[in-house]
Amino acid sequence: MDLDRPEVADAAEQTAGPGPRKDPGRGHPAHPRQSRIRRPWSGAVRSAAVRLGLLALPAAFFAVFFAYPVAAIVGRGLHDGGRWHPARLGEVLTQPDIRHVLWFTTWQACASTALTLLIALPAAYVFARLDFPGKRLLRAVITVPFVLPTVVVGTAFLALLGRGGLLDTLWGVRLDTTVWAILLAHVFFNYAVVVRTVGGLWAQLDPRQEEAARTLGASRLGAFRQVTLPALGPAVAAAALMVFLFTFTSFGVVQILGGPGFSTLEVEIYRQTAQIFDLPTAAVLSLIQFAAVAAVLAVHAWTVRRRESTLRLVDAARTARPPRGAAQRTLLGVVLTTVLLLLLLPLAVLVERSLDTPGGHGFGYYRALTSADGGTFLVAPLTAVATSFGYALAATALAVVIGSLAATALAHRAGRLTRTFDALLMLPLGVSAVTVGFGFLIALDEPPLDLRESWLLVPLAQALVGVPFVVRTMLPVLRAVDPRLREAAAVLGAAPLQVWREVDWPMARRALLISAGFACAVSLGEFGATVFLARPDRPTLPVAVARLLGRAGDLNYGQAMALSVILMAVCALTLLALEHARTAEHTGEF
């Protein structure tokens, strides 16, 4: 079906015309709703059936590979001797060390969120309103930290801020194993979340509305406070909630930089599960984290709906202009300096440490990756690159299929059920990855789901993290499709699948490509669940880095840095390709 045919336009006009029509039986205009062609009950039922059919596979996937393993590990901890023990919740919460963990988890998440917003919001304005050379490259660079493994970032900040690090060498300043190191590492991770979420909407707000307010006598600050800030509010709230979610469930950064005095819920769950083997306490902590994450995601879903109904949006390419005036040029300089010191400097430390061999700077650690040392790995560490790519490609395929089906179903008008499912799709980003990984080993060990010896466990766990990125990238694009085009195609007799192929697919295919790239990059860096599931002879890059860091010796440390640089380069190239595919009209959250 060709959407450019005249009869398609006529059908669209008949479906929802620009103004009221004369009722032939009366002498006055008909009500606008009466001018629409009413869909018969069979059409409405068929549309609902199609949506439910599209949601069937994503719902089954999350039920089997997310809800079931998490419930299995939590049930194993709370069910003993044929009885449930709900009183364990009170027993765990009365322990002073657990209460300290809960307080520190909440406090550092709030502080990290506030600091990230303070540092990243000026950059959101710069990327939204200013046009300067290298903007697309810089946008990709600031996103690289978001997909790096947490163990890599923790080690980079330890090398930057710890004993013998750059600050210690130059000025005698050490910030390792302090709250400041944790907070700065969290800003490093989540800087791109604020810039892309807030800046993406800011770039599409019509600047003429703020200019009109200034014409009516409002000051620059007053126009921003009364016009722009209310429109940005939902986007700022959504970004803040996502940063809070990621920092509330922080694992690798706190484990490396926090030392024995600081522990988040995720670190404590790992300690109780893998070191102390106290499953009841780990189960209670998992339930507490699950409740907190569910509450955050419920509020996030509300802010997303508010953001989608914000002020009139325009082409983002028309709102960015070269810096004008000293204030804008100064702000651009401040943002570039922040990116250089906060984001690029830790990455530069990784590169320098990977080249700093005992015999001087060179590629000795990279050459050592081609042979197994007989202790840390059964295979050469460099094979982790090919293994990670294989797992990531499989996980990306799964995430794209599941996520695109879910996004297509959620894009249409939906009720409370589908809105709830939309929020549930985000749960894997906040639920303990340690719980998911350990739950895979416990739950998926009996027919017909005996997968403990299967290589599929790793891509399945990685796909759980990739699906939310696919949905959040594609959903705004699909919701931006004019529903009159779908109705016109249906009037002309097109089946639901043909409507999607002719109407939705041409507009969503670029977003699908972008979402696939993000899913691949996130899968490459997934660590929390993969550390339980990767086999010794098939380690992924993050697992290989963690194993090398866990062994003493300069060679192991240098190889860990070399693998980290390889992973960083792969993620950077992937994100550069995404920026090349990204258009100004793309309105996805990532």
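A crossing of two helices is called left-handed if the near helix is turned anticlockwise from the far one by less than a right angle, and right-handed if clockwise. The exercises below use a predicted model.

**Exercise 1. The chain as a whole**

Task: State how many helices and strands the chain has, and what percentage of its residues count as buried.

Solution:
- Step 1. The secondary structure comes to 24 helices and four strands.
- Step 2. The chain has 590 residues, and 51% of them count as buried.
- Step 3. Among contacts with a separation of 6 or more, 78% join residues that are 24 or more positions apart.

**Exercise 2. Helix H4 against helix H14**

Task: Describe how H4 and H14 cross, give the handedness of the crossing, and name the residues that meet.

Solution:
- Step 1. Two packed helices are described by the angle between their axes and the distance between the axes.
- Step 2. H4 covers residues 96-129 and H14 covers residues 325-355; their axes come within 10 Å and cross at roughly 125 degrees.
- Step 3. At that angle, H4 is oblique to H14.
- Step 4. The crossing of H4 past H14 is left-handed.
- Step 5. From H4, the residues in contact are Ile 119, Pro 122, Ala 123, Tyr 125 and Val 126; from H14 they are Gln 328, Leu 331, Leu 332, Val 335, Thr 338 and Leu 342.
- Step 6. Sorted by class, this contact has nine nonpolar, two polar and no charged residues.

**Exercise 3. Helix H4 against helix H10**

Task: Carry out the same description for H4 and H10, starting from the angle and distance of their axes.

Solution:
- Step 1. H10 spans residues 220-248, and it packs with H4 at an angle of about 135 degrees, the axes being 8 Å apart.
- Step 2. Angles over 145 degrees count as roughly antiparallel and those from 65 to 115 as roughly perpendicular, with oblique used for the rest; H4 and H10 are therefore oblique to each other.
- Step 3. This crossing is right-handed, whereas H4 passes H14 in a left-handed one.
- Step 4. H4 contributes Thr 105, Thr 106, Gln 108, Ala 109, Cys 110, Ser 112, Thr 113, Thr 116, Leu 117 and Leu 121, while H10 contributes Val 236, Ala 240, Val 243, Phe 244, Thr 247 and Phe 248.
- Step 5. The classes in the contact of H4 with H10 are nine nonpolar, seven polar and no charged residues.

**Exercise 4. Helix H6 against helix H23**

Task: Find the angle at which H6 and H23 cross, and list the residues in contact.

Solution:
- Step 1. The axes of H6 (residues 150-161) and H23 (residues 541-549) come within 9 Å and cross at roughly 40 degrees.
- Step 2. Angles under 35 degrees count as roughly parallel; H6 and H23 are oblique to each other.
- Step 3. Val 151, Val 152 and Thr 155 of H6 meet Pro 542, Val 545, Ala 546 and Leu 549 of H23.
- Step 4. By class, six nonpolar, one polar and no charged residues make the contact of H6 with H23.

**Exercise 5. The nonpolar cores**

Task: Say which residues have the most contacts inside the largest nonpolar core, and list the contacts of Tyr 191.

Solution:
- Step 1. The largest nonpolar core has 169 residues, and Tyr 191 and Phe 440 have the most contacts inside it.
- Step 2. Apart from neighbours within four places in sequence, Tyr 191 is in contact with Thr 116, Ile 119, Ala 120, Ala 123, Ile 142, Val 335, Thr 338, Val 339 and Leu 343.
- Step 3. There is also a second, separate core of five residues, among them Val 481, Ala 489, Ala 494 and Val 499.

**Exercise 6. Single residues**

Task: Decide for Gln 289, Leu 344 and Leu 449 whether each is buried, partly exposed or exposed, and place each in the chain.

Solution:
- Step 1. Buried means under 20% relative accessible area, and exposed means over 50%.
- Step 2. Gln 289 is in helix H13 (residues 279-308). With a relative accessible area of 0%, Gln 289 is buried. Not counting residues up to four places away in sequence, Gln 289 touches residues including Phe 248, Leu 265, Glu 266 and Ser 432.
- Step 3. Leu 344 lies in H14 and has a relative accessible area of 31%, so Leu 344 is partly exposed. The C-alpha atoms of Leu 344 and Val 144 are separated by 9.9 Å, though the two are 200 residues apart along the chain.
- Step 4. Leu 449 sits in the loop between helix H18 (433-443) and helix H19 (457-479). Its relative accessibility of 26% makes Leu 449 partly exposed. Beyond residues up to four places away in sequence, Leu 449 touches Val 64 and Leu 444.

Note on methods:
Residues numbered from 1 in each chain as written. Predicted model: local features only at pLDDT ≥ 70, side-chain atom pairs only at ≥ 80, totals over all residues. Heavy atoms only, no water. Axes fitted to C-alpha atoms, helices over the stretch in contact; angles between N-to-C directions. Helix = DSSP H or I, 4+ residues; strand = E, 2+ residues; numbered from the N terminus. Contact = heavy atoms within 4.5 Å. Nonpolar A, V, L, I, M, F, W, Y, C, P; charged D, E, K, R; others polar. Core = buried A, V, L, I, M, F, W, Y, C linked by side-chain atoms within 4.5 Å. Buried < 20%, exposed > 50% of the residue type's maximum accessible area, 1.4 Å probe, protein only.
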